[in-house]
Structure formats: structure tokens, C-alpha cells
Amino acid sequence: MASLSVKEQERIIDILTNWRFKIRGTRSWPSAQVTAGGVDTREINQDTMESKLVKGLFFAGEIIDIDGQCGGFNLQWAWSSGFIAGQNAAL
Ligand SMILES: Cc1cc2nc3c(=O)[nH]c(=O)nc-3n(C[C@H](O)[C@H](O)[C@H](O)COP(=O)(O)OP(=O)(O)OC[C@H]3O[C@@H](n4cnc5c(N)ncnc54)[C@H](O)[C@@H]3O)c2cc1C
């Protein structure tokens, strides 16, 4: 770094902290990691994950109209909602 000019140092810092990408498209269905859409959350009891329309029917995970960005949010949602649904289905 000491051998670089201030301008060169600033350029490196800019690349490392302000690297912008232009999204040109998606890799389509075969590479998809999560799907949007599904059972309307308004039709589910959020405390039990039971359907408000069909008694004894419980939902969890991606079948519900909830989707997150990549980074573990969808798996966490599947596990957490599955835990709640399972506990209440067993009552
Ligand atoms: C390639 C890929 C990478 C991903 N990476 C990440 C990630 O890094 N982080 C993250 O948070 N999320 C990630 N996800 C998303 C995450 O895996 C899903 O959101 C999550 O697994 C959904 O869990 P689920 O139990 O709701 O559904 P699923 O995991 O899809 O489970 C549904 C199960 O039901 C079974 N099934 C379907 N129909 C029937 C039937 N008629 N009878 C009996 N069984 C049936 C299926 O075989 C399947 O085992 C990724 C997804 C993909 C495809």
C-alpha cells in the first residue's frame, strides 16, 4: 500500500466498499432457491399455523405465501413454522 499513490489507494478502497453490480436477469426455474406465493397468511392462525378454513389442517414452510432473501431466512422459516405447526397438531 505504501508504494501506491493516494489516488490508487482510494480506488482500491472504492472497489472493496462500493462494488456495484448490474443485475441482468435470473437463472430461471432450474436454479431457483425459493418460490413466492402459496397459502394466504390471512387464512392461517399465526399462533398455531392451523388453517382458519379447515380445522385440523396445519401449514409450515414454503407452502405458505412467505419468502425471504437467500441467507437462511427460508430454512429458518420452515423450521420455526414447522415446530409450531407440529406442536399444535399434536395437541
Ligand atoms: C437449490 C436450493 C438452495 C436453497 N438454499 C437455501 C439457503 O441457502 N438458505 C435458505 O434459507 N433457504 C434455501 N433454500 C430454500 C429452502 O430450502 C426452502 O425454503 C425450505 O427447504 C422449504 O422447506 P419446506 O419444508 O417448506 O419445503 P420442502 O423442503 O420443499 O419440503 C417439502 C417436502 O414435501 C415432499 N412432498 C411434496 N409433495 C408431496 C406429497 N404429495 N406427498 C408427500 N410428500 C410430498 C417433498 O418431497 C419435500 O420433501 C434453497 C432451496 C433450493 C431449491
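Trainee: What makes the pair formed by a backbone N or O atom of Asn-74 and an oxygen atom of the ligand a polar contact?

Mentor: The two atoms lie 3.1 Å apart, and a polar contact is a pair of N or O atoms within 3.5 Å, so this pair counts. Taken alone, the ligand exposes 1000 Å², and the protein buries 34% of that; such areas come from the Shrake-Rupley method with a 1.4 Å probe. Remember that this is a predicted model, where local features need pLDDT of at least 70 and side-chain atom pairs count only at pLDDT 80 or more, while totals for chains, interfaces and linings use all residues. Residues are numbered from 1 along each chain as its sequence is written, and side-chain values use heavy atoms, with hydrogens and water left out.

Trainee: How do you know that Phe-73 makes a polar contact with the ligand?

Mentor: A backbone N or O atom of Phe-73 is 3.4 Å from a ligand oxygen atom, so the pair meets that cut-off too. For Gln-33, a polar backbone atom sits 3.3 Å from a nitrogen atom of the ligand.

Trainee: Why is Met-1 called exposed?

Mentor: Good one! Its relative accessibility is 57%, and exposed means over 50% (buried is under 20%, partly exposed in between; 1.4 Å probe, protein chains only), so Met-1 counts as exposed. Met-1 lies in the segment before α1 (6-17).

Trainee: Then why is Gln-87 called partly exposed?

Mentor: Gln-87 has 46% relative accessibility. That value falls between the two limits, so Gln-87 is partly exposed. You will find Gln-87 in helix α2 (residues 73-89).

Definitions and conventions
A polar contact is a pair of N or O atoms within 3.5 Å; within protein, one must be able to donate a hydrogen and the other to accept it, and residues adjacent in sequence count only if both atoms are side-chain atoms. Helices (H or I, at least four residues) and strands (E, at least two) are DSSP runs, numbered from the N terminus.
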